[in-house]
Amino acid sequence: MAATVETSAPQARWRFGIGARLALAFVAIVGFAVVACIVGWLSYERLSGELSRMTDEQMPQLAFASRLSKAGADIGSVTSVLAGAESRAEYNEIRSTYTSRLAALRALLEENAAQSSTAALMPLAEAIAANLNKIDLAAGKRFTLREAMRSDIDELRWVQTDLLEEADPLVDDIRFNIETETRKGEGAAALAEQQKSEALLTVVSQANLATGLIGRLVNATTNEEMQETNAFLGDSADELASRISSLDGWPDSITVRQLARRILDQSNASTGIPNRKRSEMRQAATLGELAAENSRLVDALGRKIETEVVAIEASAADAARRAAAAIETGRSLLVAIAALAVIVATAIGYFYVHRNLIARIRLLAAAAGAISGGRPAAPIPPPEADELGDLSRALTLFRQTRDELIQSAKLAALGQMAAGIGHELNQPLAALRAHIHSAGTLIGRGKGDQAVNNLDKMKGLTARMADQISHIRRFARRPDAQLRPVDLGAAVRDALSLLEHRFEEEAVELELAIAENDPVLVMAEPVRLEQVAVNLIGNALDAVSSQPTRRVSVAVEASAGSARLVVADTGHGIAPADIRTVFDPFFTTKPVGSGLGLGLSISYNIVKDFGGDIAVLDTGPAGTRFLVSLKGPE
């Protein structure tokens with residue numbers, strides 16, 4: 001109670017603690033914010049007059065300039081692709097976009113007719129519209145010619161296909177005739193058939209060549225390419241006409257000649273596809289000239305729009321400079337206030353919050369974690385006159401209480417062992433008295449050799465008593481924090497020696513599975529490891545105390561890099577609702593006065609401190625098994 005009064009006394013009176021300090025820092029920062037708001041309000045009050053003038057005078061001009069610039073850019077972006085359209089549908093789509101954007105420009109100019117620049121821009125817009133009509137006319141003629149040529153090309157391909165189909169049976173007939181005349185020995189007739197075959201094949205090949213050249217001519221994009229293709233086409237057409245004439249006396253070739261003449265007619269430079277291609281190229285040249293003129297007009301329009309926009313922007317820039325001058329003073333003051341607020345906030349955050357509060361909180365958290373985990377306690381910061389100081393004092397008291405409880409639990413275990421240990425010591429003491437009496441009698445009778453034997457037995461008995469007392473003293477002292485390789489089997493045997501009297505007095509059967517000459521090393525601290533074994537075996541003895549079958553099994557198993565300790569009993573088991581809380585401090589199912597409920601909690605924290613694990617392996621009406629897993633030395 002005295003400790004409680006002393007700890008709570010500083011909380012009863014008012015003090016300048018963490019809350020007051022943080023409140024003062026908050027007030028200081030809020031003060032800076034209020035001052036900054038006042039300065040900003042004064043600056044914006046001066047700025048409002050300039051903004052009003054800009055809204056009434058400059059903003060309409062800037063809006064007009066922006067819309068005008070966009071309209072000019074929209075027209076310019078379409079101009080470059082208008083003349084390059086490859087189909088009527090593509091041209092109509094681009095032309096529709098171009099027309100709508102030109103109409104938008106003219107509507108904008110008419111809407112702002114009061115602007116001084118409208119008088120100079122409107123004639124250019126009208127000239128662009130007139131030029132667009134000329135482009136429409138030239139493009140219409142060009143696309144009409146191209147569509148006609150494509151139709152002719154499609155027709156020629158069908159004619160070419162029909163020609164091949166008509167020529168194939170004629171070639172077969174000629175071959176048959178040649179073979180027949182050759183067998184008859186008619187060389188002249190065979191030669192005549194051979195000449196007809198050559199003429200027919202030449203007609204087919206030249207017709208195919210002429211068709212291909214016509215297709216190339218239609219796709220020509222330059223005058224040089226068109227002239228070169230026309231030259232080849234003329235040579236092919238001459239050869240084709242000559243070969244067609246050579247077939248006039250052959251009645252079977254009339255269909256072939258008709259089809260070949262249709263190809264020949266389309267190859268005519270005056271009336272066929274070459275003539276249409278020249279007309280299409282002339283329209284393309286005209287369209288290029290009109291597109292160049294349109295680009296020139298659009299460029300002129302763009303330059304005038306740019307001049308107008310620059311003038312409006314210059315006017316707006318003057319207004320902006322006046323507004324900037326109005327807020328320059330306020331900006332400087334706001335920057336100074338912000339910098340000062342940052343410096344103050346940084347100083348508070350670093351020197352007080354970080355170096356004082358957070359550092360102490362981390363130390364307290366580490367100390368609390370060490371205390372709750374059963375590890376060696378981390379250093380606790382010295383208490384100060386604030387809330388964390390109260391927590392520091394409370395943790396110090398809690399650590400002392402924990403250590404005392406752990407030590408009390410160990411002493412309670414020693415107290416339970418006292419009766420059995422007294423029994424163990426009484427037997428050697430009785431034997432010592434008998435040997436002393438016998439030695440005196442033997443010495444009186446002059447039998448010194450026999451007396452020496454009795455003295456040796458007395459020496460062995462005293463050594464046994466000294467070992468037992470030394471083991472108890474070692475178990476009772478506070479453990480060392482340093483982990484080192486420890487023989488798990490030896491620690492279990494030492495724990496069993498402390499509880500040996502309970503096995504005898506309570507008639508409990510012990511099943512021990514520990515290798516005699518094969519040490520199982522684990523990383524631990526001997527005293528605390530022995531304490532874990534004592535706690536688990538003691539709990540097992542308590543669990544079987546009221547059972548008809550009283551048996552406790554202890555097994556030590558080694559594996560690669562680790563070891564396992566399994567303690568089993570034939571008790572009544574652990575209730576399912578209690579399994580999750582068996583390792584909690586002060587939890588016990590024993591009768592009142594039979595334990596503090598700290599044994600398993602202390603064992604849990606010790607094993608966790610060793611880097612191992614402890615768990616209920618299985619439980620039920622037939623008994624319970626606890627498993628302790630520990631790491632081996634690296």
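In the predicted model, strand 6 and strand 7 are joined by a hairpin whose connection comprises two residues. The two strands run antiparallel, and seven bridges hold the pairing between strand 6 and strand 7. Within this pairing, Val 616 is placed opposite Phe 626 of strand 7. Strand 7, spanning residues 623-631, is also joined to strand 5 (residues 562-569), again by seven bridges and in the antiparallel sense. Two positions illustrate the register of strand 5 against strand 7: Val 566 has Leu 627 as its bridge partner, and Arg 564 faces Ser 629.

These pairings belong to an open sheet of five strands, arranged in the order 2-4-5-7-6 with mixed pairing. Strand 2 (509-513) and strand 6 (613-620) form the edges, each of them pairing on one side only. On average, neighbouring strands of the sheet are turned by 15° against each other, direction being ignored. In general, the strands of a sheet pair through backbone hydrogen bonds, in either a parallel or an antiparallel manner.

Strand 4 of this sheet covers residues 551-559 and includes Ser 559. Ser 559 counts as partly exposed because its relative accessibility is 40%. The side chain of Ser 559 forms a polar contact of 2.8 Å with the side chain of Ser 562. Ser 559 and Gly 632 are 73 residues apart along the chain, yet their C-alpha atoms are separated by 8.9 Å.

Helix 13 lies across strand 4, strand 5, strand 6 and strand 7, and its direction makes an angle of about 25° with strand 5. The packing of this helix against a neighbouring helix was examined next. Two packed helices are described by the angle between their axes and by the distance separating those axes. For helix 13 (residues 526-544) and helix 14 (residues 599-609), the angle is about 145° and the axes are 9 Å apart. The crossing of helix 13 with helix 14 is left-handed. On the side of helix 13, the contact involves Arg 528, Gln 531, Val 532, Asn 535, Leu 536 and Asn 539, while helix 14 contributes Gly 599, Leu 600, Ile 602, Ser 603, Ile 606, Val 607 and Asp 609. Classified by residue type, this contact between helix 13 and helix 14 contains six nonpolar, five polar and two charged residues.

Helix 14 is largely enclosed by the rest of the structure, since eight of its 11 residues are buried. The buried residues of helix 14 are Leu 600, Ser 601, Ile 602, Ser 603, Asn 605, Ile 606, Val 607 and Asp 609. Helix 14 is followed by Gly 611, which has a positive phi near 80°.

A further positive phi occurs at Ala 507, a residue other than glycine, with a value near 55°. Most residues other than glycine have a negative phi. Ala 507 is located in the loop that runs between helix 12 (500-505) and strand 2. With a relative accessibility of 56%, above the 50% limit, Ala 507 therefore counts as exposed.

A separate pairing is found between strand 1 (residues 484-487) and strand 3, which are antiparallel and share four bridges. In this pairing, Asp 487 is positioned opposite Leu 521 of strand 3. Strand 3, comprising residues 521-524, presents a covered face formed by Val 522 and Ala 524 and an uncovered face formed by Leu 521 and Met 523. Asp 487 also caps the N-terminal end of helix 11, with a side-chain oxygen lying 3.1 Å from the backbone nitrogen of Gly 489. Helix 11 extends over residues 488-498, and its buried residues include Leu 488, Gly 489, Ala 491, Val 492, Ala 495, Leu 496 and Leu 498.

Considered as a whole, the protein contains 14 helices and seven strands. Of its 634 residues, 38% count as buried. Among the contacts between residues at least 6 apart in sequence, 73% join residues at least 24 apart.

Note on methods
Residues numbered from 1 in each chain as written. Predicted model: local features only at pLDDT ≥ 70, side-chain atom pairs only at ≥ 80, totals over all residues. Heavy atoms only, no water. Axes fitted to C-alpha atoms, helices over the stretch in contact; angles between N-to-C directions. Left-handed = near helix turned anticlockwise from the far one by under 90°. Contact = heavy atoms within 4.5 Å. Nonpolar A, V, L, I, M, F, W, Y, C, P; charged D, E, K, R; others polar. Buried < 20%, exposed > 50% of the residue type's maximum accessible area, 1.4 Å probe, protein only. Polar contact = N/O pair within 3.5 Å; in protein donor to acceptor, adjacent residues only side chain to side chain. Pairing = 2+ DSSP bridges.
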